Amino acid sequence: MDIRIEAINESHFEKLLKLFREFAVFEKVPEKMVNTTQQMQ
């Protein structure tokens, strides 16, 4: 398995938010996921 760590840029924001939302649902706190792509800029 190869693992690469890279800096993120704006093209990654949507996928990152989707991952955060999925994690919030998993943790049963989806209402706490309030971040937006605009806030990430």
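Two salt bridges are present in this structure, which is a predicted model, and they make a convenient place to begin the selection.

Select arginine 4 and glutamate 6 to display one of these pairs, in which the closest N and O atoms lie 3.1 Å apart. Arginine 4 counts as exposed, because its relative accessibility of 69% is over the 50% cut-off for that class.

Move next to helix α1, where lysine 18 and glutamate 22 sit four residues apart, about one turn of the helix. Their side chains meet in a salt bridge with an N to O distance of 2.6 Å. Colouring by accessibility places lysine 18, at 48%, among the partly exposed residues, and glutamate 22, at 42%, is likewise partly exposed.

Return now to the segment before α1, a helix that spans residues 13-26, and select isoleucine 5 within that segment. Isoleucine 5 is exposed, with a relative accessible area of 82%. Adding Met1 and Ile3 to the selection of Ile5 completes a nonpolar surface patch of about 500 Å², which can be shown as a surface while arginine 4 and glutamate 6 are kept as sticks to display their salt bridge.

For the last stop, select helix α2, made of residues 37-40, and pick out glutamine 39 within that helix. Which backbone atom does the side chain of glutamine 39 reach? The partner is the backbone nitrogen of threonine 36, at 2.8 Å. Glutamine 39 is itself exposed, since its relative accessible area is 53%, and a view centred on glutamine 39 and threonine 36 will show this contact.

Technical notes
Residues numbered from 1 in each chain as written. Predicted model: local features only at pLDDT ≥ 70, side-chain atom pairs only at ≥ 80, totals over all residues. Heavy atoms only, no water. Patch = residues over 30% accessible without salt bridge, like charges linked within 9 Å, V, L, I, M, F, W, Y side chains within 5 Å. Areas by Shrake-Rupley, 256 points an atom, 1.4 Å probe, with all protein chains shown as cover. Salt bridge = Lys/Arg side-chain N within 4 Å of Asp/Glu carboxyl O. Helix = DSSP H or I, 4+ residues; strand = E, 2+ residues; numbered from the N terminus. Buried < 20%, exposed > 50% of the residue type's maximum accessible area, 1.4 Å probe, protein only. Polar contact = N/O pair within 3.5 Å; in protein donor to acceptor, adjacent residues only side chain to side chain.
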